[in-house]
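Good morning, and thank you for the opportunity to speak. I would ask you to look at the sequence and the structure together as I proceed.

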Amino acid sequence: MYLPFIGAGLGTILFLAYLGVPLLPMIVIIGIGVAIWYYSSAGTKVGSYWNKGSSQDQRNAIPNIQFTDIGGQTKAKQELMEALDFLIQQEKMKDYGIQPLKGILLTGPPGTGKTLMAKAAAHYSDAVFLTASGSEFVEMYVGVGANRVRQLFSQARKAAKNQKKNRAVIFIDEIDVIGAKREGSQHKEYDQTLNQLLTEMDGIKKNDIPVFVIAATNRKDLLDSALTRPGRFDRHIAVDLPDKAGRKHILSLHVKGKPIHDEVDLDKIARETFGFSGASLASVVNEAAIYAMRDEAKQIKMKHFAQAVDKVLMGEQIDRATSTEDKKRVAIHELGHALVAELLEPNSVAQVVLTPRGQALGYVRHHPKEDRYLHTKSQLEKQVMICLAGTAAEETWYQNRSTGAKNDYEQAIHLCKTMIDTGLSSLGIIDMSLIDPDKLSKEVTHILNELYEQTLNITKRHYSFLQDCLNLLLIEERIDGEQFRDLLARELVS
Ligand code: ATP
């Protein structure tokens, strides 16, 4: 399409050169013009929909993801399907005089399946699917972002027409990049882009193909009210971290088609992966398969999953040379955590490990019995004691402490502050922002000292148990929760 212009341009340049006209300034000017055209047309730079080519329709095709491919998120899926039903049953809506929905905002932490939900929405509503990220609209030049928004919507309509579909879905990830609140001096380029998006969302003409926008953000609090007001993204759907049942469902979807050993207990893995997103769970399954392959095992076993969970949680195992004395101290420290955890919260220890991973020289992996969202004072106190137990064990064994407990203290202090903030300390119900920092610090120290004394009593009482486990941990470098409980049960009856 551009060939005749390129030919004519080259011909003109040759002719001017023949006449002896100086060409350098002209070439520079033409170069700048081409660069500006390149960026503003956004013809080939980023994103699937800006690329013009024969496989364009294939890229905008209806995604092959369905709601049944998404684990957990029962409520979010249901809300989204309901909203899509409005989109699909337009005629019925008209009869009732219901305004069509323009956009849905999916909010939630990274990796929880927002993109999957948007794809499934396109599949469900039999719509062509285009995707873009907020950051792709951001350019230095004023007007470029707005132009890209225009192109995106027109591309969506074109793709729908080409594929003989009645609607299109546009998914905009990281909407906060263009839709964040402006304070003070406004950024003109961002404003133009956002305004263009709002205009396109408002401006569905009669008989035009409806374009439905699904946007996603991890930071809903940052969004401008122009975006969240009724008539714009007025349906907000939370796509949160999955609960235990959701995690098990996600794991079961990702293990499909993989050689899984019969011993693999997805319920146990789901219990041990509290706080994991769908993306982390997908990664656990993938890493477990990699460990099985490294072992040249025919099937993926429970031990491969345990290693995979550790890797996703703590990072890759590292070859950090540790002196024998340091290793022994780390072992005692971790055994202290495990001992107190198991005594205060029976069945909570999943593993005690002495191999360095990420920043840690050793670690105890706990599994909460069930997902907890509320905590009592006594539960928080137990958590603080478990944090302090590493230091208490070191003091019991060596009569001194080391620098290895910095993270434990940070966690313990955070828990103490939560107790104070939620009215569970001796200060009663208070407003944290009004409290004197000195008083706050004294209360934190008071709680820590009291709980440390109780923790130290426990580790001292079980000195011989620490000794038994120490030898085992130094040799095996890993004690499984079940094995640890057996040893502790024997200690408690003796
Ligand atoms: P971000 O906010 O970082 O863009 P997201 O919420 O859009 O993340 P997705 O891109 O949808 O997350 O998910 C990433 C991958 O994680 C998916 O391709 C899938 O493998 C897995 N995943 C996430 N959530 C789920 C889920 N609920 N069910 C099944 N797989 C999931």
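I shall discuss the surroundings of the ligand and then three loop residues. Please keep in mind that this is a predicted model.

Let us begin with the ligand. Where does the ligand lie with respect to domain 2 and domain 3? Domain 2, residues 60-238, and domain 3, residues 244-314, both contribute to the shell around the ligand, so the ligand lies between them. Among the 17 residues around the ligand, those that come nearest are Gly71, Gly111, Lys114, Thr115 and His254. In terms of secondary structure, α6 (114-124), α11 (244-255) and α13 each provide at least two shell residues. By class, the shell comprises eight polar, six nonpolar and three charged residues.

Turning to individual atoms, a polar side-chain atom of His254 is 2.9 Å from a nitrogen atom of the ligand. Two backbone examples follow. An N or O backbone atom of Gly113 lies 3.1 Å from a ligand oxygen atom, and for Ala279 a backbone N or O atom is found 3.5 Å from an oxygen atom of the ligand. On its own the ligand has 630 Å² of accessible area, of which the protein covers 77%.

I now move to the loops. Thr273 sits between α12 (266-272) and α13 (278-294). Is Thr273 buried or exposed? Thr273 is buried, at 0% relative accessible area, and its contacts beyond four places in sequence are Arg247, Leu281 and Val309.

Gln73, in the loop between α3 (56-59) and α4 (74-88), has a positive phi near 50 degrees. Gln73 is buried, with 13% relative accessibility. Glu477, between α19 (463-476) and β8 (478-480), also has a positive phi, near 65 degrees, but is partly exposed at 25%.

Terms used
Residues are numbered from 1 along each chain as its sequence is written. This is a predicted model: local features need pLDDT of at least 70, side-chain atom pairs count only at pLDDT 80 or more; totals for chains, interfaces and linings use all residues. Side-chain values use heavy atoms; hydrogens and water are left out. Helices (H or I, at least four residues) and strands (E, at least two) are DSSP runs, numbered from the N terminus. Buried means under 20% relative accessible area, exposed over 50%, partly exposed in between (1.4 Å probe, protein chains only). Contact means heavy atoms within 4.5 Å. A residue is near a molecule or strand if one of its heavy atoms lies within 4 Å of it. A polar contact is a pair of N or O atoms within 3.5 Å; within protein, one must be able to donate a hydrogen and the other to accept it, and residues adjacent in sequence count only if both atoms are side-chain atoms. Accessible areas come from the Shrake-Rupley method with a 1.4 Å probe; for residues, only the protein chains shown count as cover. Ala, Val, Leu, Ile, Met, Phe, Trp, Tyr, Cys and Pro count as nonpolar, Asp, Glu, Lys and Arg as charged, and the others, Gly among them, as polar. Domain bounds come from an automatic or database domain assignment.
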